[in-house]
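Q: Please take a close look at one chain of this model with me, beginning with its surface. After that, I would be glad of a tour of some local details in the other chains.

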Amino acid sequence: MTNKKNKKNKNKVLKEEKKTSQLKEIWFRLKKNKLAVMGLIILLILILIAIFADLIVDYDNVVVKTNMPERLQPPSGKHWFGTDEFGRDILARIIHGSRVSLSIGVIVVAISVFFGCLLGGIAGYYGGMIDNVIMRIADIFLAIPAILLTITIVAALGIGMTNLLIALVIANIPGYTRLVRAVVLSVKDVEYVEAARAIGLRDGRIIFKHVIANCMAPILVNATMSIAGTILSAAGLSFIGLGIQPPNPEWGAMLSGGRQFLRVAPHMVIFPGIFIIIAVLMINFVGDGLRDALDPKLKD
Amino acid sequence: MSEKILEIDNLTVRYKSGNADVHAVNGISISLEKGKTVGIVGETGAGKTTTSLSIMNLLPERTGRIDSGTIKFKGKEILDMDYETIRSIRGKEISMIFQDPMTSLNPIFTVHEQLSEAVRMHSNLSKEDIDTKVKNVLNMVGISENRMNNFPHEFSGGMKQRVVIAMALINEPELLIADEPTTALDVTIQAQVLDLMKNLKRALNTSMILITHDLGVVSEMCDEVAIMYAGQIVEYGSLRDIYKGDKHHPYTVGLFGSIPNIKDKSKRLKPISGLLPDPTKLPVGCYFQDRCPHVMDKCRTIHPKYYINDNHKILCHLFEEDKHGQ
Amino acid sequence: MYKYVIKRILLMIPILLGITLIVFFIMSLTPGDPGRMILGQGATQEAVDKLNDEFGFYDPLPLKFGNYIIDILKGDFGVSYRTQRPVFDDLMVRLPTTLKLVILSLLIGTIIGIPIGILSAVKQYSALDVFSTFFALLIASIPTFWLGFMLIILFSLNLEILPSTGLESWKGYIMPVGIMAIGQAASLIRLTRSSMLEVIRQDYIRTARAKGVYEKIIVFKHSLRNALIPIVTVVGMSFARGLGGTLIIEKVFAIQGVGTFMFDAIGTKDIPVVMAGVIFLAAIFSLCNLIVDLLYGYLDPRIKAQYSK
Amino acid sequence: MNMRKMFANFLIITMLFSVLSGCGGKTENGVPVNEQNAEQKREDVVLGVRGEPLGFDPTQTGDGFSNTVELQLFDGLVQYDENRNIVGNLATDWNISDDGLVYTFDLKEGVKFHDGTELTAEDVKYSLDLAKESPFTSSLNKMESITVLDPYKVEIKLKEPYVIFLEKLCRPDGAGIISKNARESAGAEAFYENPVGTGPYVIKEWERGSKVILERFEDYHWGAAPIKEAVFRFLPEPTTATIAVESGEVDFTDNISAADIPAIDKEKVSIYESPSFHFNYLVLNTNKEPLNNVKVRQAIAHAIDKDSVAISALEGYATVVDSVVRKDAEGYSDSIEYRQYDVDKAKELLKEAGYEDGFKLQILITEGYSNKIAEMVQANLKEINIDVSIQSIESSAFIQDMVDGKHEMGWFAVDNSTTDASQVSTMLETGEMYNLSYYSNTQLDEALHVLNSSINPKERNPKAELVQKIVNDEVPIIPLFWRDDIFLANKQLKNVEELFVQFNVYKLSW
């Protein structure tokens with residue numbers, strides 16, 4: 001028995017070594033890309049702000065509590081980014097808003113990638129009827145302009161955070177299904193998949209462990225980019241009134257709330273906008289860096 | 001001394017990369033007489049392709065660096081030439097055949113277009129004249145005229161290599177550089193392509209540099225042979241010196257040892273143990289020291305000098321005592 | 001080749017049918033009813049119910065969908081609940097505005113984007129390359145409406161040189177088209193650059209150089225022709241998506257385009273308009289898809305061969 | 001091009017934006033367009049309105065955008081003068097029967113339709129018969145019958161007494177008189193888009209999606225209008241409409257967001273303001289737990305800071321009220337001790353009701369400033385730990401859900417184009433469609449019935465006071481404010497104030 005266990009550990013160790021060296025290699029290449037490093041650092045800061053938002057600023061009486069005498073004040077010593085139409089400090093609301101805005105991107109992409117891999121994997125691996133059906137449905141969803149599809153779904157389910165997420169996920173799944181299917185097709189006939197099939201692994205394991213694991217690179221890069229894209233479209237949806245409902249301070253909602261005061265209090269629109277740009281830009285940098293790091297051909 | 005078409009003297013080429021530079025070519029010298037063919041033999045990664053690319057200054061712009069050495073073509077120094085001069089030589093006086101025919105042709109242009117472009121670049125012949133030239137060269141390489149307007153993907157590997165050869169020879173260059181022209185082809189096609197190149201060479205009296213790791217091809221095609229190892233020519237000599245000579249560099253012995261010989265009954269081939277040294281951290285002394293059966297202390301400390309016997313040169317301490325290189 | 005085109009057009013029909021089914025289903029989930037929407041707050045409940053009956057709003061879903069499909073096949077896309085006019089008349093009024101925006105921005109975006117993309121690929125890691133990549137990523141990270149506001153504050157409010165509304169004069173076009181064009185250029189720069197980098201590394205480029213071909217010809221003939229396929233896809237698709245996608249720009253600059261038209265229709269649950277609009281946009285999308293695929297054939301003989309097989 | 005330099009550039013660009021936008025305010029770069037050609041008198045006016053009309057048949061349209069244009073194309077039997085008294089228009093005089101059920105009108109002679117034909121009693125009967133049945137003019141469905149007594153005399157019988165019937169007849173966008181034979185010959189469909197009326201303007205051109213151009217009707221029976229051409233441009237976005245007026249592209253707009261007012265350049269344009277008939281209030285659904293408990297409703301009434309709600313919603317451009325009847329309306333009673341903003345009293349009442357640790361409550365709203373009201377109410381009620389969640393849905397679905405009673409608390413607003421106390425019946429009379437509180441009180445119903453039927457103040461005022469007392473005690477609804485109408489107009493445009501009475505371009509001039 002022990003012998004078998006040792007062998008397993010040895011394999012694990014070997015695999016560990018192989019994996020770490022692979023990761024080290026990617027990290028090594030990523031480090032070279034200065035923009036990506038900057039992106040990572042600033043993203044970490046934003047994430048830390050989001051996590052410790054409660055410690056930085058008290059939610060109830062700073063972020064939500066109205067204080068009408070101090071409404072619409074421009075940036076000042078007391079309120080670095082000024083106050084909104086209810087007299088609430090905009091910097092505090094941005095800090096808390098980061099929690100919602102950043103998580104929207106990650107949640108939506110995570111779910112869509114999961115379903116994308118599931119559907120794309122099956123379609124790519126089995127081909128034939130299943131592939132045709134899944135891909136035709138994907139084509140149907142892709143043919144409807146994304147923003148109109150999202151609006152229709154939100155109009156149907158009603159305005160609110162969860163419905164916004166559902167709408168964005170549904171709009172994203174077809175894209176990922178197609179991406180994963182294409183990658184699976186290119187990897188499917190490669191020898192090691194033949195070998196895996198030969199030693200009798202069940203299809204499920206083959207699809208997920210071997211095939212999809214090896215298409216992680218393009219999926220990962222694409223996922224990073226679409227986290228950025230999702231944050232932007234969530235802000236867009238809030239702008240046209242379908243986004244997050246008050247009082248929780250999501251950046252997009254703050255932007256659309258401030259739109260009315262564009263001339264009187266432009267700061268209400270400028271600062272949340274800048275934070276959206278910074279967050280999305282940094283994610284794009286990391287995504288760009290990842291693409292170069294993961295795609296060996298693109299070395300210097 | 002017949003006229004030298006190409007003289008490479010102490011060429012050193014380095015690839016700049018983020019953390020450690022790759023020393024691909026470390027001071028090689030080759031001189032080639034007109035009409036002759038020199039074979040460059042060595043394992044992959046020995047610096048053969050880098051040498052061939054440097055001749056026409058085709059090294060990747062950002063990373064390739066020619067640190068030292070001179071390349072004289074018909075007496076003129078190539079490294080000093082401005083863009084227009086070097087461009088006018090490429091494909092006109094010197095041309096190249098690359099290894100993988102599958103990717104050497106532009107997939108979206110017809111064969112005729114790619115061939116006629118080679119002519120258009122160096123002459124302003126009328127369309128008809130160019131067409132006749134293209135037809136002639138295609139016939140020369142055994143491809144029928146009416147396939148002229150096909151696309152590369154409509155040809156087999158062997159046929160594509162013939163097109164590449166046609167493209168290289170269409171302007172009747174004086175020097176032809178062939179970088180492993182037959183490696184990607186299977187054996188039967190390989191023989192046809194080699195015969196074709198031999199006839200064309202004789203017909204057009206082109207001098208040629210043939211790069212290969214196949215000693216059989218060298219013996220058939222070349223007049224002189226240079227054996228490269230880790231960016232250096234460890235042995236250089238005429239066909240007779242290399243194949244019949246008594247003194248050989250240990251690496252050459254190892255190379256010949258690893259060729260299967262129908263007459264030899266022994267079951268196992270004698271491969272050279274170990275691997276090429278890491279080009280970013282080349283050892284002091286002789287680069288072959290880790291794999292050389294006759295390694296001596298001197299080999300690990302002092303870099304060997306050439307033992308020269310008439311035209312035959314060997315870079316190894318074993319032979320140094322007999323006669324010091326002039 | 002024609003066989004392929006006909007096959008693709010026939011394939012569009014099930015897709016359009018599928019779209020109709022999905023959008024119809026989603027729209028039926030939306031709250032509210034046309035009767036109340038038309039008669040407004042003042043009307044009595046009986047009047048609202050009577051009107052809803054006329055529209056067959058209370059029929060069971062499958063019956064409603066069946067009738068709708070039959071009408072479409074007869075070419076009758078029905079009448080907008082709100083304006084009582086045939087749906088396509090209203091859509092056609094809005095189409096030229098959006099078309100102008102999309103085509104103009106696409107043209108400018110392409111004219112700026114592709115050359116810069118090529119240059120930054122040819123001169124990789126040069127100042128131009130680093131800056132254009134940074135610029136492209138920056139523009140891709142800015143929410144369109146935020147940029148719109150900033151420009152309105154800057155040019156309409158403070159400098160008062162550009163109108164902030166609609167497309168009355170040519171000046172009205174500058175900001176909306178400008179924003180869309182930069183966005184287009186940004187994505188094209190990144191795409192052209194990576195696509196060109198991919199091609200420049202190919203062996204046949206080295207062969208061309210070895211043939212003594214001029215650098216300019218190598219870049220613009222050999223490399224660009226090969227790099228065009230992904231570029232053509234993006235340009236084709238952004239035109240198709242542009243028609244429905246200019247909603248945000250239309251909202252910021254108060255332009256009555258297809259985007260706002262669809263948005264209001266969805267909001268006011270004007271089902272015939274939403275259905276007709278989505279089918280129309282999807283049809284254009286599929287057509288663009290087909291045109292792009294045909295362009296592939298033209299650009300790359302290997303693909304053309306597959307088509308005629 | 002190292003990293004530090006690039007990041008510095010990025011900062012500079014963002015600073016540039018904020019600096020330039022921060023300074024806002026005025027630049028004196030030359031005189032705006034409209035003042036340059038002030039010398040030769042302008043003959044046209046460009047009006048920025050919020051949306052596009054659907055059609056121009058007063059009896060077949062109910063939306064505000066169509067009404068705005070219809071006001072220019074048709075006349076009613078009677079009209080308001082500048083102090084909102086009712087005077088004759090197509091009718092020279094009229095009398096009302098004692099029981100308030102029969103109205104007889106003598107028509108003005110020689111009034112021309114746009115197609116040159118003459119107005120007769122037949123046209124009046126035809127128009128009002130249509131309005132009697134149409135779902136778009138529900139307030140006129142109270143008419144029983146219209147009979148032609150002679151070519152210039154007509155009699156209208158009502159189903160039940162309707163105190164504000166004459167006010168309704170003042171509105172040509174519902175009770176406008178249309179030409180009978182023009183509509184019958186062209187057909188309802190064609191008439192819907194090019195109507196024939198007697199009003200001061202005629203449709204010249206309708207550019208869908210962008211503007212409607214009206215042309216002066218030369219032989220209008222009160223004399224041709226000073227403005228020859230009136231262009232209605234559709235500007236849905238308030239901020240854009242405001243800028244359009246400031247930049248001189250447009251001469252007038254009623255689509256202003258109160259938030260922009262401080263930034264408007266007062267030298268270039270003039271701002272007019274006056275209370276409207278748009279009454280905003282909070283609805284408490286008495287069928288729903290715990291709103292069925294009167295103490296809870298009273299507590300909520302005390303917890304709402306109405307002034308802050310008005311500021312957050314409309315920047316204070318509203319008339320905040322305590323009573324369901326406005327101060328300047330007849331019948332307002334100042335003897336009642338109305339509920340004031342008092343958080344402690346609210347907590348006390350909640351404790352008495354047994355809900356001091358609070359409960360969850362949903363407020364139903366729709367697009368527009370009601371979001372701001374909801375956010376303010378949410379913040380106010382948080383003080384007495386009532387946890388309010390906001391549910392916003394599209395306007396027509398919102399009305400339907402409220403009518404179906406799906407709401408707990410809700411915002412609502414009515415515009416009955418009157419401040420008369422009788423209008424409370426639409427909100428609180430038992431069985432009324434818009435009694436959204438589902439509140440029923442026989443005493444209140446009886447008082448409202450009197451208010452609707454009798455016209456003499458001695459009978460009405462005590463009833464009005466009773467209504468206000470019951471509403472204040474029982475709190476089925478919480479009155480908030482009457483929204484102010486705000487107009488923004490070119491400095492040269494004259495008597496813009498008259499538009500507050502009724503949106504008649506006829507009154508404007510340069």
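## Chain B and its companions

A: Happy to: chain B exposes about 14,700 Å², and carbon and sulfur atoms supply 53% of that area. Please keep in mind that this is a predicted model.

Beneath that surface, 51% of the 326 residues of chain B count as buried. Its secondary structure consists of 12 helices and 12 strands. With a radius of gyration of 21 Å, close to the 20 Å that the globule rule gives for 326 residues, chain B is therefore as compact as a globular protein of that length. Along the principal axes, its C-alpha trace spans about 65 × 50 × 45 Å. As for the way the chain folds back on itself, take the contacts between residues at least 6 apart in sequence: 64% of them join residues at least 24 apart. The charges of chain B come from 39 positive and 42 negative side chains, and the centres of these two sets lie 3 Å apart.

Now for the neighbours. Chain B makes no contact with chain D, and the closest C-alpha atoms of these two chains are 17 Å apart. Of the 5 pairs of chains that touch, chains A and C share the most contacts.

Chain C is divided into domain 1, residues 2-73, and domain 2, residues 94-308. Each of these domains gives 19 residues to the contact between them, while their C-alpha centres are 33 Å apart. Helix α8 of chain C, residues 171-200, holds C:Thr192. This threonine counts as buried because its relative accessibility is 0%. Leaving aside neighbours within four places in sequence, C:Thr192 is in contact with C:Gly113, C:Ile114, C:Gly117, C:Ile118 and C:Ile231.

Chain C also helps to cover a helix of chain D. That helix is α14 of chain D, residues 395-403, and 8 of its 9 residues are buried, so it is largely enclosed by the rest of the structure. The buried residues run from D:Ser396, D:Ala397, D:Phe398 and D:Ile399 to D:Gln400, D:Asp401, D:Met402 and D:Val403. Their cover includes α2 (34-39) and α3 (45-54) of chain C, along with β12 (269-284), β14 (360-365) and β16 (409-415) of chain D. After α14(D) comes D:Gly405, with a positive phi near 75 degrees.

Another helix of chain D, α16 (residues 442-453), contains D:Ala447. At 0% relative accessibility, this alanine counts as buried. Apart from neighbours within four places in sequence, D:Ala447 is in contact with D:Lys463, D:Leu466 and D:Val467. The C-alpha atoms of D:Ala447 and D:Glu459 are separated by 9.9 Å, and these residues are 12 apart along the chain.

A few backbone details in the loops of chain D round off the tour. D:Arg84 sits in the loop between β2 (78-80) and β3 (86-88); its phi is near 65 degrees, a positive value in a residue other than glycine. D:Arg84 counts as partly exposed because its relative accessibility is 27%. D:Glu315, in the loop between α11 (306-314) and β13 (318-320), likewise is not a glycine and has a positive phi, of about 55 degrees. Finally, the peptide bond from D:Glu289 to D:Pro290 is cis, with omega near -25 degrees, and D:Pro290 belongs to the loop between β12 and α10 (294-303).

Notes. Residues are numbered from 1 along each chain as its sequence is written. Chains are lettered from A and ligands numbered from 1 in the order in which they are written. This is a predicted model: local features need pLDDT of at least 70, side-chain atom pairs count only at pLDDT 80 or more; totals for chains, interfaces and linings use all residues. Side-chain values use heavy atoms; hydrogens and water are left out. Helices (H or I, at least four residues) and strands (E, at least two) are DSSP runs, numbered from the N terminus. Buried means under 20% relative accessible area, exposed over 50%, partly exposed in between (1.4 Å probe, protein chains only). Contact means heavy atoms within 4.5 Å. The radius of gyration is taken over C-alpha atoms; the globule rule is 2.2 Å times the number of residues to the power 0.38. Accessible areas come from the Shrake-Rupley method with a 1.4 Å probe; for residues, only the protein chains shown count as cover. Lys and Arg count as positive and Asp and Glu as negative; His and the chain ends are not counted. The place of a charge is taken as NZ of Lys, CZ of Arg, CG of Asp or CD of Glu. Domain bounds come from an automatic or database domain assignment.
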